[in-house]
Amino acid sequence: NETTTESSVGFIPFNLKLKMDGLSGIKIYNKIEVNTSFLPTNYGDSLSFIVTGVNHKLSGNEWVTNLDTIATIK
């Protein structure tokens, strides 16, 4: 007897880019908490976001940090 498990719920990995006021201490591979209420309900609270890129920009009198992340399953 072969037993297979099949799920109709899939996961599509995606990138999330965030632009915020200057922030220090974030490093690549850090996890960040994101309110996922804007996502479809089947994602729920099952996602973690891993930082894949950190860029800082100083212009005039403003410091901006850009984070690139990828969604992964907890």
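1. Let me start with Thr65, which sits in strand 4. This is a predicted model, so read everything below as computed from it. Thr65 is buried, at a relative accessible area of 1%. Its side chain makes a polar contact, reaching the backbone nitrogen of Leu23 at 2.9 Å. If you set aside neighbours within four places in sequence, the residues in contact with Thr65 are Leu18, Lys19, Met20, Asp21, Gly22, Leu23, Val54, Asn55 and His56. Leu18 in that list also turns up in the strand pairing, where Leu18 stands opposite Leu67 of strand 4.

2. Stepping back to the overall fold: the chain has four strands and zero helices, and reading along the sequence gives β-β-β-β. The four strands make an open sheet in the order 1-4-3-2, with antiparallel pairing. Strand 1 and strand 2 are at the edges with a single partner strand each, so each of them has one side without a neighbour in the sheet.

3. How many bridges join strand 3 to strand 4? There are 12, and the two strands run antiparallel. Two positions are handy for checking the register by eye: Ile50 has Ile70 in strand 4 as its bridge partner, and Leu58 stands opposite Trp63 in strand 4. Strand 3 and strand 4 form a hairpin with two residues between them, and Gly60 in the turn has a positive phi of about 65°.

4. On the other flank of strand 4, which covers residues 62–73, seven bridges join it to strand 1. This pairing is antiparallel too.

5. The backbone angle I'd look at is in Tyr29. Its phi is near 80°, a positive value in a residue other than glycine. Tyr29 belongs to the loop between strand 1 (15–21) and strand 2 (31–32). Is Tyr29 buried or exposed? Tyr29 counts as exposed, because its relative accessibility of 70% is over the 50% cut-off.

6. Now the inside. The largest nonpolar core has nine residues: Leu16, Ile32, Leu39, Tyr43, Leu47, Phe49, Val51, Leu67 and Ala71. Strand 3 and strand 4 are the elements that give two or more residues to this core, and the largest share, three residues, comes from strand 3. As background, nonpolar side chains in soluble globular proteins tend to be buried together.

7. Leu47, one of the core residues, is worth a click. Leaving out residues up to four places away in sequence, Leu47 touches Phe11, Phe14, Leu39, Ala71, Thr72 and Lys74. Of these, Leu39 and Ala71 are also listed in the core.

8. Next along is Ser48, in strand 3. Ser48 is buried, with a relative accessible area of 8%. Beyond neighbours within four places in sequence, Ser48 is in contact with Lys31, Ile70, Ala71, Thr72 and Lys74.

9. For ring geometry, the count comes to one aromatic pair. Phe14 and Phe49 form it, edge-to-face, at 5.9 Å centre to centre with 65° between the planes. Phe14 lies in the segment before strand 1 and Phe49 in strand 3 (residues 47–59), so the pair ties together parts that are 35 residues apart in sequence. The two rings' residues differ in cover: Phe14 counts as partly exposed at 22% relative accessibility, whereas Phe49 is buried at 1%. Note that 22% is just on the partly exposed side of the 20% cut-off for buried.

10. Finally, some whole-chain numbers. Of the 74 residues, 22% count as buried. Among contacts between residues at least 6 apart in sequence, 56% join residues at least 24 apart. The chain exposes about 6000 Å², and carbon and sulfur atoms supply 50% of that area.

Notes:
Residues numbered from 1 in each chain as written. Heavy atoms only, no water. Buried < 20%, exposed > 50% of the residue type's maximum accessible area, 1.4 Å probe, protein only. Phe/Tyr/Trp six-rings, centres within 6.5 Å; stacked < 30°, edge-to-face > 60°. Pairing = 2+ DSSP bridges. Core = buried A, V, L, I, M, F, W, Y, C linked by side-chain atoms within 4.5 Å. Contact = heavy atoms within 4.5 Å. Polar contact = N/O pair within 3.5 Å; in protein donor to acceptor, adjacent residues only side chain to side chain. Areas by Shrake-Rupley, 256 points an atom, 1.4 Å probe, with all protein chains shown as cover.
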